[in-house]
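The following exercises concern the structure shown below. Each task is followed by a solution that proceeds step by step.

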Amino acid sequence: MYSLPISDTMAFAIDDDDEDNWVVYVVDFDAKTMESFSLVGSGNVESAHYDAGRGLIWVLVDGSVFAIDRSKHEMFDISPPPNKFYVYSMLSSASHLYVSGEYSNIWRISVPELEWEPLQTPEPKPRRSANADEQSRQTREYASKYPPYHHGFEVGDAYIFCGALGALARVRGTSVETQAIDSGARLMTGRVEGSQISLSADR
């Protein structure tokens, strides 16, 4: 079961105990009502984001993006970008869905066209080495150079994505600014507190 608040008085939940058959619930605590409908499932929900402007529930399953249309009671998958990567977080704007994921990828998906636009992408991976030790070294260096962004949140007219090795990225439109916190900790969540942002890490 995955649940998330929509507002101060509403929340949604996705019962994915049966990976092949989901039940979506939308609860209005003020009106004391509950809407529910069934869908063909696609696995276990890892994360979700409610897009109030479009009535869509964006869902992540195994690093792939899906969308649930609340009014039509339908789910559709979003074709991946040319260089597929594992998506960890999503945030919606008036015209796009911003996503972040492994290897420092940050993209946005136009809505309703559902076209991917790269905002930040890594260099191609080095050619695979036949030597196991060399390959292990290359993998570690590449992962360190391009840490994943695990979580995103809105700050004014920008979006902040945070992740492994203290990585931070601020996105405004198509502009991306990056920096890293020296501790190297994995940043798990963040929120706005007055004129500052508060970040939580795993150590």
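**Exercise 1. In this predicted model, determine which residues of the largest nonpolar core touch the most other members, and which strands supply the core.**

Solution.

Step 1. The largest nonpolar core holds 17 residues. Those that touch the most other members are Phe 12, Ile 14, Trp 22, Val 24, Ile 57, Val 59 and Ile 68.

Step 2. At least two residues of this core come from each of the strands S2 (10–18), S3, S4 (33–40), S5, S6 and S7.

Step 3. Take Ile 68 and set aside its neighbours within four places in sequence. Its contacts are then Ile 14, Trp 22, Val 24, Phe 37, Leu 39, Gly 55, Leu 56, Ile 57, Val 59, Glu 74 and Met 75.

Step 4. Another core, of 15 residues, lies apart from this one; among its members are Trp 58, Ala 67, Ile 78 and Val 87.

Step 5. As a general background, nonpolar side chains in soluble globular proteins tend to be buried together.

**Exercise 2. Establish the strand order of the open sheet that contains S5, and state how its strands pair.**

Solution.

Step 1. The sheet is open and has four strands in the order S5-S6-S7-S8, paired antiparallel.

Step 2. Strands S5 (47–51) and S8 (74–77) are at the edges, each pairing on one side only. From one strand to the next, the twist averages 25°.

Step 3. Strand S6 (residues 56–61) runs antiparallel to strand S7 (residues 64–69), and six bridges join the two. In this pair, Val 59 stands opposite Phe 66 of S7.

Step 4. S7 and S8 are also paired in the antiparallel sense, over four bridges. Asp 69 has Glu 74 in S8 as its bridge partner.

Step 5. S7 and S8 form a hairpin with four residues between them, and His 73 in the turn has a positive phi of about 60°.

**Exercise 3. Describe the open sheet with the order S9-S10-S11-S12 and identify its edge strands.**

Solution.

Step 1. Four strands make up this open sheet, and their pairing is antiparallel.

Step 2. The edges are formed by strand S9 (87–92) and S12, each of which pairs on one side only. With direction ignored, neighbouring strands are turned by 25° against each other on average.

Step 3. Five bridges connect S10 and S11 in the antiparallel sense. Tyr 98 stands opposite Arg 108 in S11.

**Exercise 4. Locate the cis peptide bond and the two residues Ser 104 and Leu 165, which have positive phi without being glycine.**

Solution.

Step 1. The cis peptide bond joins Val 111 and Pro 112, with omega of about 10°. Pro 112 belongs to the loop between strand S11 (106–110) and strand S12 (116–120).

Step 2. Ser 104 has a positive phi of about 60° and sits in the loop between strand S10 (96–101) and S11. Its relative accessible area is 6%, so Ser 104 counts as buried, the limit being under 20%.

Step 3. Leu 165 has a positive phi of about 55° and is placed in the loop between strand S14 (158–163) and strand S15 (167–172). Because its relative accessibility is 40%, Leu 165 is classed as partly exposed.

**Exercise 5. Is Val 23 buried, partly exposed or exposed, and which residues does it contact?**

Solution.

Step 1. Val 23 lies in strand S3 (residues 21–28).

Step 2. Its relative accessible area is 22%; burial requires a value under 20%, so Val 23 is partly exposed.

Step 3. With neighbours within four places in sequence left aside, Val 23 is in contact with Ala 13, Ile 14, Asp 15, Phe 37 and Ser 38.

Step 4. Val 23 and Ser 38 are 15 residues apart along the chain, yet their C-alpha atoms are separated by 4.4 Å.

**Exercise 6. What is the volume of the largest pocket, and which lining residues are closest to its centre?**

Solution.

Step 1. The largest pocket has a volume of about 300 Å³.

Step 2. It is lined by 16 residues, of which Met 90, Leu 91, His 151, Gly 152 and Phe 153 are the closest to its centre.

Step 3. S5, S9, strand S13 (149–155) and strand S17 (187–193) each contribute at least two residues to the lining of this pocket.

Notes: Residues are numbered from 1 along each chain as its sequence is written. This is a predicted model: local features need pLDDT of at least 70, side-chain atom pairs count only at pLDDT 80 or more; totals for chains, interfaces and linings use all residues. Side-chain values use heavy atoms; hydrogens and water are left out. Buried means under 20% relative accessible area, exposed over 50%, partly exposed in between (1.4 Å probe, protein chains only). Two strands pair if DSSP finds at least two bridges between them. Axes are lines fitted to C-alpha atoms, for helices over the stretch in contact, and angles run from 0 to 180 degrees between N-to-C directions. Contact means heavy atoms within 4.5 Å. A nonpolar core is a set of buried Ala, Val, Leu, Ile, Met, Phe, Trp, Tyr and Cys residues joined through side-chain atoms within 4.5 Å. On a 1 Å grid over the protein atoms alone, a cavity is a set of points where a 1.4 Å probe fits but cannot get out, and a pocket is an open set with protein on both sides within 12 Å along at least five of seven lines; lining residues have an atom within 4 Å of a point. Grid points are joined across faces, edges and corners, and a volume is the space filled by probe spheres set on the points.
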